[in-house]
Amino acid sequence: MPSTTMPDPRTKTAERLLASAAKVSFDPQTDIDWSAPAVPGLWYMPPERSTLYGTPLWDRMTDEQRIELTKHEVASVASVGIWFETILNQMLLRSLYDRSMTDAHARFAFTEVADECRHSMMFGRLIETLGCPDYGPGRLAHALGRPFKTFSNPTLSFAGALYVEEVLDALQREAMNDERVQPLVRAVNRVHVIEEARHMRYARDETVRQVAELGRGEQLVSRVVLSVVAAMSTARLVHPGVYASVGLDVDEAVRTARGNPAWAATRRFAARKAVDFFTEQGLIGPAERRLVWRATGLVA
Ligand SMILES: [Fe+2]
Ligand SMILES: [Fe+2]
């Protein structure tokens, strides 16, 4: 029997997000000028966000090499974006399998999958246009992604998605407003930032609802797995291969990046909103905070 009551909060959120998607969505294949040549002298991300910024190794590099490094770093981050969007799509479709596939909540999930497919094509085309390799997240993260995308509970699916979306959002939002950055990268970031705002709202609301359903044991497991997913995906944002691509010694560059306080600050900057939200939701307890989040430099 049709209901005459007010829509529940989940439906209300979904309806609002569907209306927003109907109003502002992009087709990056046609909405972005892929043929515009790169602008000489511009960066591919704000230089302060490079993994080597501010180190003695950075000081020894030529200007050209520094710009080239930011190009490969952006390509690496984009390839990790594709990896995670593929995981996310599988988790979203899995979350629908045992529930209504026709209500507003489900229709937004399908909308999000469609968005992510366009994003992955956009990132792939960006990497190809920049002439960079498909770096990917590395073998270990690739292997660990397999059980995660197959078995994660709904809390982990949405919280994990939110984490990666928040990290990319912080970095892309900043770069899209930076006039020192290549117009192509800024255009790609703009599309992603605008469409991801809806995904993050959806994931936040759903995480709050899902956390409330967890028993104590499952909450503990979720906290531990979420910490590992966050640590792993942040550590793998920039593939060591980027250093070889710009003519640096890989071991030296990896060591330098690892000890670079500016890069640690960048990772904390990118993770901060997710960290605050997870702490508020009880998804980061004192033990994981110390053993994972602090140990990997994601909280101070
Ligand atoms: Fe995306
Ligand atoms: Fe997304």
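Me: What spacing do the donors of the iron ion (ligand 2) follow along the chain?

Reply: Good place to start! The spacing of the donors of the iron ion (ligand 2) is E-x48-E-x30-E-x2-H. Keep in mind that this is a predicted model.

Me: What makes these residues donors of the iron ion (ligand 2)?

Reply: Distance does. A donor is an N, O or S atom within 2.8 Å of the metal. Glu116 (OE), Glu165 (OE), Glu196 (OE), Glu196 (OE) and His199 (ND1) coordinate this ion at 1.9 to 2.4 Å, so they meet the 2.8 Å limit.

Me: Why can Glu116 and His199 be said to tie together parts of the chain?

Reply: Glu116 belongs to helix H5 (residues 104-130) and His199 to helix H8 (residues 183-213), so the pair joins parts that are 83 residues apart in sequence. Glu116 and His199 are both buried.

Me: Which residues coordinate the iron ion (ligand 1)?

Reply: Glu85 (OE), Glu116 (OE), His119 (ND1), His192 (NE2) and Glu196 (OE) coordinate the iron ion (ligand 1), at 2.1 to 2.3 Å. Along the chain these donors follow E-x30-E-x2-H-x72-H-x3-E.

Me: What makes Glu116 a bridge?

Reply: Glu116 coordinates both the iron ion (ligand 1) and the iron ion (ligand 2), and the two ions it bridges lie 3.7 Å apart.

Me: Why do Glu85 and His119 also tie parts of the chain together?

Reply: Helix H4 holds Glu85 and helix H5 holds His119, so this pair connects parts that are 34 residues apart in sequence. Glu85 and His119 are both buried.

Me: Why is H4 called roughly antiparallel to H5?

Reply: The axes of H4 and H5 come within 9 Å and cross at roughly 155 degrees. Angles over 145 degrees count as roughly antiparallel, so H4 is roughly antiparallel to H5. Their crossing is left-handed.

Me: And why is H4 called roughly parallel to H6?

Reply: Here helix H4 (residues 63-96) packs against helix H6 (residues 139-151) at an angle of about 15 degrees, with the axes 9 Å apart. The cut-off for roughly parallel is under 35 degrees, so H4 and H6 earn that description. H4 passes H6 in a right-handed crossing.

Me: How many aromatic pairs are there, and why is the pair of Phe108 and Tyr202 called tilted?

Reply: The count is nine aromatic pairs. The ring centres of Phe108 and Tyr202 are 4.8 Å apart, with the planes at 55 degrees. Ring centres must lie within 6.5 Å to pair, while planes under 30 degrees apart are stacked and those over 60 are edge-to-face. The 55 degrees of Phe108 and Tyr202 fits neither class, so the pair is tilted. Phe108 lies in helix H5 and Tyr202 in helix H8, so this pair ties together parts that are 94 residues apart in sequence.

Me: How do you know that Phe108 and Tyr202 are buried?

Reply: Buried means under 20% relative accessible area. Phe108 has 0% relative accessibility and Tyr202 has a relative accessible area of 3%, so both qualify as buried.

Me: Which residues do ring pairs link into a cluster?

Reply: Tyr163, Phe277, Phe278 and Trp293 form that cluster.

Me: What makes the charged end of Arg204 sit over the ring of Phe277?

Reply: CZ of Arg has to be within 6 Å of the ring centre and within 35 degrees of the ring normal. The charged end of Arg204 is 4.7 Å from the centre of the Phe277 ring and sits over that ring. Likewise, the charged end of Arg49 sits over the ring of Phe269, 4.1 Å from its centre.

Methods: Residues numbered from 1 in each chain as written. Chains lettered and ligands numbered in written order. Predicted model: local features only at pLDDT ≥ 70, side-chain atom pairs only at ≥ 80, totals over all residues. Heavy atoms only, no water. Donors = N, O, S within 2.8 Å, 3.2 Å for Na, K, Ca; no water. Helix = DSSP H or I, 4+ residues; strand = E, 2+ residues; numbered from the N terminus. Buried < 20%, exposed > 50% of the residue type's maximum accessible area, 1.4 Å probe, protein only. Phe/Tyr/Trp six-rings, centres within 6.5 Å; stacked < 30°, edge-to-face > 60°. Axes fitted to C-alpha atoms, helices over the stretch in contact; angles between N-to-C directions. Parallel < 35°, antiparallel > 145°, perpendicular 65-115°, else oblique. Left-handed = near helix turned anticlockwise from the far one by under 90°.
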